[in-house]
Amino acid sequence: MPHATEGNAMCGNTEYGRATFKRSRSHFADRITADGRDGWPVEAGRYRLVASRACPWASRAVIVRRLLGLEDALSLAIPDPLQDDRSWRFTLDPDGRDPVLGIRFLSEAYDAREKGYPGGVSVPAVVDVPSGKLVTNDFQQITLDLSTQWTALHRPGAPDLYPERLREEIDVVMAGVYRDVNNGVYRAGFATRQSEYDAAFRDLFRRLDLLSERLSDQRYLVGDTLTEADVRLFTTLVRFDAAYHGHFKCNRFKLAEAPALWAYARDLYQTPGFGDTVDFHHIKQHYYRVHTGINPTGIVPLGPDLSGWLTPHHREELGGRPFGDGTPPGPVAPAEEVPPSGRPEHLRLGS
Ligand SMILES: N[C@@H](CCC(=O)N[C@@H](CS)C(=O)NCC(=O)O)C(=O)O
């Protein structure tokens with residue numbers, strides 16, 4: 001069932017104004033479940049995940065899908081990192097149409113679900129392919145359902161990213177990461193009053209200090225294996241120096257200046273399923289060119305030097321078993337490879 005929205009701010013260029021930054025709650029919160037209780041049963045090939053590689057919320061779903069080996073069961077559509085006033089568009093595809101859904105704008109799937117829907121069009125979005133209708137854009141729930149409801153379609157050796165016995169701790173860690181880090185960078189970046197920015201900045205760096213401490217003697221956030229909590233922290237950390245440090249004024253330090261966090265982020269980046277989904281070109285283009293309210297010239301910086309992402313991290317010395325009793329995912333399917341333009345080894349600083 002559609003849920004009411006709260007506030008009016010999203011990370012696009014049109015929905016933040018003079019008011020305090022407030023993230024809207026996802027409007028379509030139906031769930032795709034094993035028992036199909038909302039009318040959307042888990043089914044291989046039925047749904048399409050629309051996820052911008054620029055967007056941290058959508059990237060969570062891209063990473064989890066890959067870690068769990070759901071690529072064949074749930075196909076992936078990647079829109080242009082630059083929205084126009086009709087929001088996300090499929091201009092990277094031939095004829096500007098998503099080849100599976102046949103639509104030019106993600107808004108068409110929202111319209112098919114609810115004509116005249118007044119809220120924003122956002123990613124991640126899961127669309128029912130046969131009807132063309134949006135099922136859910138509930139970014140907080142989508143990944144948890146991939147872990148707990150799509151189990152029949154997981155690859156052999158898929159990790160348990162949301163293990164029952166650790167859920168309480170994972171939820172607590174994720175709540176702090178969400179409030180101060182994932183959403184904290186947006187609160188700082190879109191603040192329109194000094195006091196709002198100051199508060200968001202302080203909360204963000206206080207939390208990063210705590211996380212640094214936690215990660216200085218343990219490899220992962222909860223337990224000794226990868227969990228959903230690591231996915232959620234990673235998607236903000238990987239954008240930190242490329243976007244948030246400058247564009248959102250989150251500049252007490254760069255990620256590359258925070259030893260434990262930087263090694264942790266590199267460890268994840270170099271783990272199959274994480275870095276192989278990251279497109280730094282999409283990230284930089286999106287943030288610096290779409291948020292014209294905070295970067296009116298639309299100039300995209302050439303830096304920072306991203307080559308450090310590939311350097312040794314030595315985190316294996318802390319122990320940990322990334323995939324628990326499972327195994328890492330295999331190579332990325334050729335059709336889903338991040339193009340060279342988005343990889344650190346190909347991104348060149350101006351010379
Ligand atoms: N659905 C979410 C979170 C996801 C989100 O904010 N996604 C951004 C991209 S990072 C988006 O699609 N914003 C709409 C737009 O930019 O047009 C919400 O309700 O706040």
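**Nonpolar core**

Which residues have the most contacts inside the largest nonpolar core? In this predicted model, they are Leu 49, Ala 51, Val 127, Leu 261 and Ala 265. The core has 95 residues. Helix 7, spanning residues 228-247, gives the most to this core. Its share is 10 residues.

Val 127 has contacts on both sides of its own position in sequence. Leaving aside neighbours within four places, Val 127 touches Tyr 47, Arg 48, Val 50, Leu 101 and Ala 109. Gly 132, Lys 133, Leu 134 and Val 135 are also in contact with Val 127.

**Open sheet**

An open sheet is formed by 4 strands. Their order is 2-1-3-4, and the pairing is mixed. Strand 2 (75-77) and strand 4 (133-136) are the edge strands, each pairing on one side only. From one strand to the next, the twist averages 35°.

Strand 1 (residues 47-50) and strand 3 (residues 125-128) run antiparallel. They are joined by 4 bridges. Leu 49 stands opposite Val 126 in strand 3.

**Helix 4 against helix 7**

Helix 4 covers residues 167-182. Its axis comes within 9 Å of the axis of helix 7, and the two cross at roughly 10°. Helix 4 is therefore roughly parallel to helix 7.

On the helix 4 side, the contact is made by Ile 170, Val 173, Met 174, Val 177, Val 181 and Asn 182. Helix 7 contributes Glu 228, Ala 229, Arg 232, Leu 233 and Thr 236. By class, this contact has 7 nonpolar, 2 polar and 2 charged residues.

Definitions and conventions:
Residues numbered from 1 in each chain as written. Predicted model: local features only at pLDDT ≥ 70, side-chain atom pairs only at ≥ 80, totals over all residues. Core = buried A, V, L, I, M, F, W, Y, C linked by C-beta atoms within 7 Å. Buried ≥ 20, exposed ≤ 12 C-beta atoms within 10 Å, placed from the backbone. Contact = placed C-beta atoms within 7 Å. Axes fitted to C-alpha atoms, helices over the stretch in contact; angles between N-to-C directions. Parallel < 35°, antiparallel > 145°, perpendicular 65-115°, else oblique. Nonpolar A, V, L, I, M, F, W, Y, C, P; charged D, E, K, R; others polar. Pairing = 2+ DSSP bridges.
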